[in-house]
Structures are given as C-alpha cells and as structure tokens.
Amino acid sequence: EEGRFSVVDPVRALSEKMIERHPHVFGDLKLETADDVRDEWERIKLRNKDEKKEKQGTLSGVPPALPALTRAYRVQEKMAGVGFDWENPDGALTKLREEVEELHRAIHEGDPEAVEEEIGDVLFSVVNSARLAGYGSEEALRRTIEKVIDRFSRVEAMVNEDGQNVTELTLEKLDSYWDRAKLEQRKHNKKQSSPS
C-alpha cells in the first residue's frame, strides 16, 4: 500500500535464493547424493550469512520450539553441513555406548544433575545414530510407543481373560504375559507381511 515494494519483489528474492542454493540444478555443480545437496545448501546459507555480516552461528536457525528429538536431528544436520559429523553410524554407536556407560556411572553415584545431563547425552546420541543410519528418531519412537500400547493392551486383555487384575500381579507374572503378548504380536505382524 505504501509502494515500498511490489508483489514481484518477494517472488524475485525467493527465486534468486532457490537458484543460488541449488547450483546442482541451475548450475554446473555435480552432487551425488541427497546428503551432498543438503550439505551444499548449508554451506551456501552460511556463506550468505557471512556476506551479510550476520553474527549468527551455524545452529542459530534451529527453532527452540521444535520437539526435542526433532530439534536434536536438525542441530546434527546443520553441524554435518559444515563437516562436523561421523562418517558412518559406527562412530555414533560407539559414542552412544560411551554415553550409556557415563549414565550408568552417574546413576550409581547418585548425582541427580549428572544423571539428567547423561540422559540428555544418551538421547542426543540415539538421535545421531538413527540419523546416520537413515532413520528419524521421532517417527521411530512414535512407532515404538504405539507398539508398546498395543502390547500392554494385549497383556491387560490376557490377564482379564484369566480372571485376574494387573494391579495384583507380580512383575515376574506381568513379564510372562508381556512375553506372550510380544510373541503374539510378532506372529500377527509376520502373518500380515507375508504374501497371500
């Protein structure tokens, strides 16, 4: 309304940004994998920030409001974009084992702050291992939650069928029901996935 820009200006700016950040499409750059494309995108973004004299770091664009697992994934992606990454999942899995050992020690030492810190380190390492193996930890966790809900619902149904109450059973007895439900679930899943 004030005439400071036209509708063409933002479209032009977005178009220029897309062309600049996709030199493998609009230029001569040859990139082999989707990871190479992502890494090049991140390098170009950082170069643009430097050119604009912005004082923001590599991780400044990761929104704090993201769910924690997703935010960890994005932080790791951005770090990988500047070359700070394991070459394969093995390095991340070794780090995960180290973090689990540190958590184990912290729990036995009884320091609540250290325990919380180590739990965070373990979760961050799990996300990194999943990312490097090509999986999203958010989706993997969602699927596991659904699997556990389904399995525990089956445990409750079996307990009820046997005329018992879950709140009155020992852990060992509940565990035996859990194993039965797990076996049923696997058989059901196997049957579903086999060709008819």
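## Nonpolar cores

In this predicted model, the largest nonpolar core is made up of six residues, namely V155, M158, V159, L169, Y177 and A181. Two helices, α7 (137-161) and α8 (171-193), each supply at least two residues of this core, and α7 gives the most to it, with three residues. Once residues up to four places away in sequence are set aside, V155 touches L174, Y177, W178 and A181, of which Y177 and A181 are themselves members of the six-residue core.

Apart from the core that contains V155 lies another one, of five residues, which include L96, L103, A106 and V122. In soluble globular proteins, nonpolar side chains tend to be buried together.

## Helix α5 and its two sides

Helix α5 runs over residues 89-109 and so has 21 residues, reaching 30 Å from its first C-alpha to its last, which is close to the 30 Å expected at 1.5 Å a residue. The buried residues in α5 are G91, A92, L96, E99, L103 and A106, and because they cover an arc of only 135° around the axis, they are placed on the same side of the helix. An α-helix has 3.6 residues a turn, so residues three or four places apart point the same way.

What do the buried residues of α5 pack against? Their partner is α6 (112-132). On the other side of α5, by contrast, D90, R97 and H108 are exposed.

## The ends of α5

At the N-terminal end, α5 is capped by N88, with a side-chain oxygen of this residue lying 2.9 Å from the backbone nitrogen of D90, a residue that is exposed. Just after α5, the backbone at G110 takes a positive phi of about 75°.

## N128 in helix α6

Is N128, a residue of helix α6, buried or exposed? N128 counts as buried because its relative accessibility is 11%, whereas the cut-off for that class is under 20%.

The side chain of N128 is joined to that of R131 by a polar contact of 2.7 Å. Leaving aside neighbours within four places in sequence, N128 is also in contact with Q76, D85, W86 and A92. Of these partners, A92 belongs to the buried residues of α5, the set that packs against α6.

Note on methods. Residues are numbered from 1 along each chain as its sequence is written. This is a predicted model: local features need pLDDT of at least 70, side-chain atom pairs count only at pLDDT 80 or more; totals for chains, interfaces and linings use all residues. Side-chain values use heavy atoms; hydrogens and water are left out. Helices (H or I, at least four residues) and strands (E, at least two) are DSSP runs, numbered from the N terminus. The expected span of a helix is 1.5 Å times one less than its number of residues. Buried means under 20% relative accessible area, exposed over 50%, partly exposed in between (1.4 Å probe, protein chains only). The arc is that of the directions from the helix axis to the C-beta atoms. Contact means heavy atoms within 4.5 Å. A polar contact is a pair of N or O atoms within 3.5 Å; within protein, one must be able to donate a hydrogen and the other to accept it, and residues adjacent in sequence count only if both atoms are side-chain atoms. A nonpolar core is a set of buried Ala, Val, Leu, Ile, Met, Phe, Trp, Tyr and Cys residues joined through side-chain atoms within 4.5 Å.
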